[in-house]
Amino acid sequence: MAQTDSPPPASPSTARPPSPAGPDSALLAELAEASQRLETAEPEAIIGWAVERFGSRLTMATAFGPEGCLILHWLAGIAPETFVFNLETGYQFQETLELRDRIRDRYGLTVVYEHPETTVEAYERQHGGPLYRTDPTRCCGDRKITVIRRVLSRFDAWMSGIRRDQSPDRAAAPIVGWDGKFGVVKISPLANWTKAMVWDKIVREEVPYNPLHDKGYVSIGCWPCTRAIAAGEDERAGRWSGTAKTECGLHLRE
Ligand code: SF4
């Protein structure tokens with residue numbers, strides 16, 4: 001039985017949607033031109049372009065990382081009606097769940113939880129224990145990828161908070177591009193920002209952030225697959241530590 005507290009998206013905008021069969025050459029050319037033009041734009045201008053272009057067919061996914069919180073800070077002033085969701089795997093830190101409430105209290109934005117088909121208890125019973133220990137790729141597939149695919153099928157474009165300097169996988173992320181994995185346009189307003197720029201803005205604007213960041217956790221995902229890192233370690237070294245896995249798959253390019 002699917003669990004969800006997500007309402008259907010608002011009525012479609014008049015923006016020309018991408019073709020369900022994939023992007024046509026005109027759309028790809030438009031995205032390439034927009035991405036190049038927005039490369040030197042401020043994130044707020046990029047968000048504004050996305051809102052203008054896709055209207056209610058735009059959504060945003062956030063795991064409540066610092067970048068996502070910063071985008072929400074801007075989005076609240078640009079288009080607070082945008083459908084924003086979080087992949088609630090059932091394994092998130094309590095501090096992460098509480099940050100959702102703090103965002104709502106500060107900005108009046110409700111980030112909708114999107115759940116997998118099964119509860120953690122049922123999932124672990126079904127697999128004879130937690131799959132994050134034995135097959136984290138399958139676990140991410142079932143509890144994140146399947147869910148985001150379901151959500152994005154209702155939209156034409158999504159925004160994420162990835163930065164190019166986070167990992168080699170993300171280094172080539174355009175500001176605007178076609179996301180072939182999910183068949184939608186992907187907008188990354190902070191793609192060319194650095195970690196220092198993000199934190200500088202968060203501190204100056206007093207944007208709510210996850211208190212775990214003050215305890216050595218740099219990149220925060222599900223609690224079983226996240227640890228604090230030591231000085232000098234790579235930013236994402238605390239994710240799936242001790243395994244070859246570096247990404248849940250949401251941002252891997254196809
Ligand atoms: S990050 Fe870990 S617990 Fe979360 S979905 Fe992936 S494998 Fe499962």
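**Exercise 1. The sheet**

Determine the order of the strands in the open sheet, and state which strands stand at the edges.

*Solution.* The structure is a predicted model, in which local features need pLDDT of at least 70 and side-chain atom pairs count only at pLDDT 80 or more, while totals for chains, interfaces and linings use all residues. Residues are numbered from 1 along each chain as its sequence is written.

Step 1. Strands (E, at least two residues) and helices (H or I, at least four) are DSSP runs, numbered from the N terminus. Two strands pair if DSSP finds at least two bridges between them.

Step 2. The six strands of the open sheet follow the order E3-E2-E1-E4-E6-E5, and their pairing is mixed.

Step 3. Strand E3 (112-114) and strand E5 (176-179) each have a single partner strand; they therefore stand at the edges, and one side of each lacks a neighbour in the sheet.

Step 4. From one strand to the next, the twist averages 35 degrees.

**Exercise 2. Pairing at the two edges**

Describe how E3 pairs with strand E2 and how E5 pairs with E6.

*Solution.* Step 1. E2 (residues 83-87) and E3 are joined in the parallel sense by three bridges. Here Asn-86 stands opposite Tyr-113 in E3.

Step 2. E5 and E6 are joined in the antiparallel sense by four bridges. Here Val-176 stands opposite Ile-187 in E6.

Step 3. The hairpin of E5 and E6 has four residues between the strands, and Gly-183 takes a positive phi near 70 degrees.

**Exercise 3. Two packed helices**

Classify the crossing of helix H2 with helix H3.

*Solution.* Step 1. Two packed helices are described by the angle between their axes and the distance between the axes. Axes are lines fitted to C-alpha atoms, for helices over the stretch in contact, and angles run from 0 to 180 degrees between N-to-C directions.

Step 2. The axes of H2 (residues 43-54) and H3 (residues 66-78) come within 10 Å and cross at roughly 55 degrees. H2 is therefore oblique to H3; angles under 35 degrees count as roughly parallel, over 145 as roughly antiparallel, 65 to 115 as roughly perpendicular and the rest as oblique.

Step 3. Residues are in contact if their C-beta atoms, placed from the backbone, lie within 7 Å. Pro-43, Glu-44, Ile-47, Gly-48 and Val-51 in H2 meet Ile-71, Trp-74, Leu-75 and Ile-78 in H3.

Step 4. This contact of H2 with H3 comprises seven nonpolar residues, one polar and one charged. Ala, Val, Leu, Ile, Met, Phe, Trp, Tyr, Cys and Pro count as nonpolar, Asp, Glu, Lys and Arg as charged, and the others, Gly among them, as polar.

Key: Two residues are in contact if their C-beta atoms, placed from the backbone, lie within 7 Å.
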